[in-house]
Amino acid sequence: MRAKSVTAVLAGLLLTAAVTGCAGGGGQGEELSADALLDEAHKTMNALETVTIASSTTGSAGSSYSSRQTTDLKGRCTNKITWTEGGSLEQIRIDDTDYVRPDRVYLDRWSGREAAGGKAQNRWIKAPSSNAKPGDGLVDCTWPFAAFGTASKGDRTEIDGRPAVALRVSDEADGADAKGTYTFYVATEGKPYLLKVAYKGSDYRSTTSFSAFDEPLGVRAPAGDDVLDAADAG
């Protein structure tokens, strides 16, 4: 009889726990707020070891460019930026070293004159990454996954076949009369990856997409015969 009563007590405890878990407030079934969803997305992105970032930007004057970066979010990455007016600039960063390859159109635009013969330009230029300056088209391998402002929920949608929710944040820095608006698209199934960010402001619009989460990076230096060392030219 003792064994039977112990079994009955255990069964009662398990039943009580099950009922409490289903009925309790604040359980895992509760839907997160917009700010909490965005925080979870940023935590997930900051924990990544690799990611691919594709961006396109259009200025108010109509000029535009696009880029594609694959990065470990630390010190190793590749990037290619292409301008609609013509020209492209490729970059490989490996810790303290940049390998940069401008195409012929980019060089002609930068120099203001067209090279004789218009031959293709396939050489890489090697230089310390510390030489990079804002506005020169080179990127840092890091990315600022950080929350700001107050988010509000938008519609549910799909990004490249993944269910997602839109979260909107206004950018006060764009001015009281012309606020910029960010729309963050966060995956709602599986890990809460940040899938896309769209920005609309008074000066430009941009779209940035994130993919290839934690896939192998494969960043390597170019073959030595294809590299010119900037130190040798100086």
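Two strands count as paired here if DSSP finds at least two bridges between them. Keep that in mind, as this tour of a predicted model starts with strands.

**Three strands side by side**

Take strand S7, residues 152–159, and strand S8, residues 162–171: they run antiparallel and are joined by six bridges. To see one of those pairings up close, look at Lys153, whose bridge partner in S8 is Leu167. Between S7 and S8 sit just two residues, making the pair a hairpin. Asp160 is in that turn, and its phi is positive, at about 50°.

S8 has a partner on strand S9 too. S9 covers residues 180–187, runs antiparallel to S8 and is linked to it by eight bridges. Here you can spot Ala164 opposite Ala187 of S9.

**The whole chain**

Now zoom out. The protein chain has four helices and 12 strands. It is 234 residues long, and 30% of them count as buried. Take the contacts between residues at least 6 apart in sequence: 48% of these join residues at least 24 apart. As for the outside, the accessible surface comes to about 14,500 Å², with 51% of it belonging to carbon and sulfur atoms.

**A look at Asn79**

Asn79 belongs to strand S3, residues 76–83. Is Asn79 buried or exposed? Its relative accessible area is 6%, so Asn79 is buried. If you skip the neighbours within four places in sequence, its contacts include Ser67, Arg68, Leu89, Glu90 and Val139.

**Salt bridges**

The structure holds five salt bridges. Among them are these three:

| Pair | N to O distance |
|---|---|
| Glu31 and Arg156 | 3.2 Å |
| Glu90 and Arg101 | 3.1 Å |
| Arg93 and Asp98 | 2.8 Å |

Start with the salt bridge between the side chains of Glu31 and Arg156. Glu31 is in the loop between helix H1 (2–23) and helix H2 (34–46), while Arg156 is in strand S7, so this pair ties together parts that are 125 residues apart in sequence. Both ends are out in the open by the numbers: Glu31 is exposed at 57% relative accessible area, and Arg156 counts as exposed at 56%.

Next, the side chains of Glu90 and Arg101 meet in a salt bridge. Glu90 sits in strand S4 (residues 88–94) and Arg101 in strand S5 (residues 97–102), 11 residues apart.

In the last pair of the table, Arg93 forms a salt bridge with Asp98. Arg93 and Asp98 are both buried. There is also a network: Glu31, Lys153 and Arg156 are joined by salt bridges that share partners.

Key: Residues numbered from 1 in each chain as written. Predicted model: local features only at pLDDT ≥ 70, side-chain atom pairs only at ≥ 80, totals over all residues. Heavy atoms only, no water. Buried < 20%, exposed > 50% of the residue type's maximum accessible area, 1.4 Å probe, protein only. Contact = heavy atoms within 4.5 Å. Areas by Shrake-Rupley, 256 points an atom, 1.4 Å probe, with all protein chains shown as cover. Salt bridge = Lys/Arg side-chain N within 4 Å of Asp/Glu carboxyl O.
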